[in-house]
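Open the model in your viewer and set it to cartoon. This tour goes from the sheet to the helices on it, then to a ring pair, a loop residue and a pocket.

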Amino acid sequence: MIDQRNPTPSVRKLRMPVRETAIASWYPGADLLDAYAVTIDRPVAATMHALVAPTLASPPPWLRGLLGLRDALVRPFGVRTTTAMRDAAGPHRHIDFFRIRSETPDEIVLGDDDRHLDFRVSFLKRSGPHGTEVVATTAVHVNNAFGRVYITLIAPFHHMVVRTSLMRLAAAMASGRTTS
C-alpha cells in the first residue's frame with residue numbers, strides 16, 4: 001500500500017496465490033518459489049500487459065548491467081543469453097526477452113524453458129478492500145546440476161529485481177502512467 005506521508009510503495013512477501021493464478025500447477029517440486037505483492041490505494045483498470053510491459057521493457061540501467069553480466073557469464077556454458085531468448089521468441093508474443101505463455105486482463109504469465117532450468121513468472125492483478133494489488137509469483141524447476149548452481153547464484157538478485165519491478169510498477173499505477 002502507498003502511505004500518503006511516504007508515497008513509496010511497500011513490497012511484501014506473501015504466500016503463493018493458489019486459485020487465482022495460472023501457474024499453481026508449477027508449485028509442486030519447484031526449486032525456487034516465491035510471491036511478492038504491492039498494493040496501491042485505488043482501482044486500476046489497465047490490463048496486466050499494459051502494466052507490466054513498460055516496467056520490463058525498460059529496466060533501470062543497473063539491471064541492464066546485471067543482465068549483460070549474466071549473459072557474459074552463462075554464454076560459455078551454452079545457456080541462452082537474453083538476446084538469444086528474445087530472438088527465439090520469434091513470432092510468439094513477448095515482452096523484451098520474456099515469452100508470454102498466457103494472458104488474461106488480470107494475469108500475464110511469462111517464462112521459458114532451457115537446458116538448465118524452466119521458469120514461469122505470473123503477474124496477477126486483484127482488487128481488494130485496500131485497493132489494487134499486483135502479485136508477482138515465480139516458479140523455477142531446475143533441470144541439471146548447472147541449473148542448481150545457477151539458481152543458487154542468481155536467487156538474491158532475483159528477489160531484488162522482483163521487488164524493484166513491483167515498486168516501479170506501483171509507482172506507475174499510482175501516477176496513472178499506464179494505459180488500458
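Begin with the strands. Seven of them make an open sheet, and their order across it is S1-S2-S7-S6-S5-S4-S3, with antiparallel pairing. Now colour the two edges, strand S1 (12-13) and strand S3 (94-95). Each has a single partner strand, so one side of each lacks a neighbour in the sheet. Keep in mind that this is a predicted model.

Next, select S6 and S7. They pair in the antiparallel sense over twelve bridges. For one bridge, show Arg-126 and its partner in S7, Glu-133.

Now add the helices that pack on the sheet. Take H1 to start. H1 touches S3, strand S4 (98-104), S5, S6 and S7. Its direction makes about 130 degrees with that of S6. Then take H4. H4 also packs on the sheet, and its contacts are strand S2 (32-40), S6 and S7. Between the directions of H4 and S2 the angle is about 10 degrees.

Switch to side chains. How many aromatic pairs does a search of the whole structure find? The count is four. Zoom in on one of them, Phe-98 and Phe-119. The ring centres are 6.3 Å apart and the planes stand at 80 degrees, so this pair is edge-to-face; the cut-off for that class is over 60. Phe-98 belongs to strand S4 and Phe-119 to strand S6, so the pair ties together parts 21 residues apart in sequence.

Move to the loop between S3 and S4 and pick Asp-96. Check the backbone there: phi of Asp-96 is near 55 degrees, a positive value in a residue other than glycine.

Last stop: the largest pocket. How much space lies in it? About 1,100 Å³. Its lining has 44 residues, and the closest to the centre are Leu-67, Arg-70, Tyr-150, Ile-154 and His-158. Show those five as sticks.

Now colour the lining by element. These elements give two or more residues each:

- Helices: H1 (48-57), H2 (61-74), H3 (82-88) and H4 (145-175).
- Strands: S5 (107-113), S6 (117-128) and S7 (131-142).

Which element gives the largest share of the lining? H4 does, with twelve residues. Finally, recolour the lining by class: 31 residues are nonpolar, six polar and seven charged.

How values were computed. Residues numbered from 1 in each chain as written. Predicted model: local features only at pLDDT ≥ 70, side-chain atom pairs only at ≥ 80, totals over all residues. Heavy atoms only, no water. 1 Å grid on protein atoms, 1.4 Å probe; cavity = no way out; pocket = protein on both sides within 12 Å on 5 of 7 lines; lining within 4 Å. Points joined across faces, edges and corners; volume = space filled by probe spheres on them. Helix = DSSP H or I, 4+ residues; strand = E, 2+ residues; numbered from the N terminus. Nonpolar A, V, L, I, M, F, W, Y, C, P; charged D, E, K, R; others polar. Pairing = 2+ DSSP bridges. Contact = heavy atoms within 4.5 Å. Axes fitted to C-alpha atoms, helices over the stretch in contact; angles between N-to-C directions. Phe/Tyr/Trp six-rings, centres within 6.5 Å; stacked < 30°, edge-to-face > 60°.
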